[in-house]
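Student: I would like to learn how to read the features of a model such as this one, beginning with the terms. Could we place the structure in front of us and work through it together?

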Amino acid sequence: LTEDPKLHGMQEEELFGMVSKFAQPSQEGQPLQPLPEASINYLTTHQLQEQVISETASKYLAPENCVSLNVPTINTHMGDISPGIKAQELKIQKILKLLTSGITAFARSADVADMMEEQQEVLALFCNVQYEINCFRKSSIRPTLNPKFAGLCKASATPSPNLLFGDNLPKQVKDLDDEAKAVGMIKPPS
């Protein structure tokens, strides 16, 4: 930029000060200390051995008083789901189990009486990841359902701790079926 003859005589600070006003804000935060930075960069780019994952995760099972950390399975009433969706579900459940172990480990390591705001935010973000993954699971299954039952996949439909579509799936299906029949009885305006 400074080699442009039209800009000759401008101080570099002036030029970059003016340009920086229009620059995209950085999506990066403050740097980490060297040890956590190196650990994170390594662990996010290298897969752990299955034995290490299993041994570590088994130390941090979902606490009995925190059932929302259980990984819900697909309700057996869902019927035939494509093999591709089933395979995806197994992979996602494996990821959720690791996330649950991480949330549990973090929660056990934090001193509740002295939990810093940053730790509270970490816990909130991790828990929201679990919520978002469960919403994604439902939205992945939605295209395989009869359209009148698409309401089962709403994000607001909170899963039970054990079943992705809740404990009362047959009742929900009946209610949606009754609703679809009632809507079908309404004569459209002419």
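Tutor: Let us start with accessibility: a residue is called buried when its relative accessible area is under 20%, exposed when it is over 50%, and partly exposed in between, with a 1.4 Å probe and protein chains only as cover. With that rule, K94 at 42% relative accessibility counts as partly exposed. Before going further, note that this is a predicted model, in which local features need pLDDT of at least 70 and side-chain atom pairs count only at pLDDT 80 or more, while totals for chains, interfaces and linings use all residues. Residues are numbered from 1 along each chain as its sequence is written, and side-chain values use heavy atoms, with hydrogens and water left out.

Student: What does the secondary structure of the protein chain come to?

Tutor: Helices and strands are taken as DSSP runs numbered from the N terminus, a helix being H or I over at least four residues and a strand being E over at least two. By that rule the protein chain has six helices and zero strands, and its elements run α-α-α-α-α-α from the N terminus on. Of the 190 residues in the protein chain, 24% are buried.

Student: How many residues does helix α4 have, and how far does it reach?

Tutor: The expected span of a helix is 1.5 Å times one less than its number of residues. Helix α4 (residues 83–109) has 27 residues and reaches 39 Å from its first C-alpha to its last, close to the 39 Å expected at 1.5 Å a residue. Its buried residues include I85, E89, I92, Q93, L96 and L99. Contact here means heavy atoms within 4.5 Å, and the buried residues of α4 pack against α3 and α5.

Student: Which salt bridges involve α4, and what parts of the chain does the pair of E50 and K94 tie together?

Tutor: A salt bridge is a side-chain nitrogen of Lys or Arg within 4 Å of a carboxyl oxygen of Asp or Glu, and by this rule the count comes to two. In one of them, the side chains of E50 and K94 meet at 3.4 Å, N to O. Because E50 lies in helix α3 and K94 in helix α4, this pair ties together parts that are 44 residues apart in sequence. E50 is partly exposed at 44% relative accessibility, and K94 is likewise partly exposed, at 42%.

Student: And the salt bridge of E89 with R137: are its residues buried or exposed?

Tutor: The closest N and O atoms of E89 and R137 are 2.6 Å apart, and the pair links distant parts of the chain, with E89 in helix α4 and R137 in helix α5, 48 residues apart. E89 counts as buried at 3% relative accessibility, and R137 counts as buried at 0%. From C-alpha to C-alpha, R137 and E89 are 7.2 Å apart in space. Not counting residues up to four places away in sequence, R137 touches several others, among them V71, P72, T73, I74 and L164.

Student: How should I read the nonpolar cores, and which residues have the most contacts inside the largest one?

Tutor: In soluble globular proteins, nonpolar side chains tend to be buried together. A nonpolar core is a set of buried Ala, Val, Leu, Ile, Met, Phe, Trp, Tyr and Cys residues joined through side-chain atoms within 4.5 Å. The largest has 13 residues, and those with the most contacts inside it are I74, M78, I141, L152 and F165. A second, separate core of seven residues includes L69, V71, L96 and L99.

Student: Which residues make the nonpolar surface patch?

Tutor: Patches are made of residues with over 30% relative accessible area and no salt bridge, where like charges are joined within 9 Å and nonpolar side chains (Val, Leu, Ile, Met, Phe, Trp, Tyr) within 5 Å. Here Y42, L43, L48 and V52 make a nonpolar patch of about 360 Å². L48 lies in the loop between α2 (34–43) and α3 (50–58), and at 39% relative accessibility L48 is partly exposed.

Student: Where does A62 lie, and what is it in contact with?

Tutor: A62 lies in the loop between α3 and α4 and is partly exposed, with a relative accessible area of 26%. Leaving aside neighbours within four places in sequence, A62 is in contact with L69, N70, T100 and T104. The C-alpha atoms of A62 and S101, 39 residues apart along the chain, are separated by 6.8 Å.

Terms used:
Areas by Shrake-Rupley, 256 points an atom, 1.4 Å probe, with all protein chains shown as cover.
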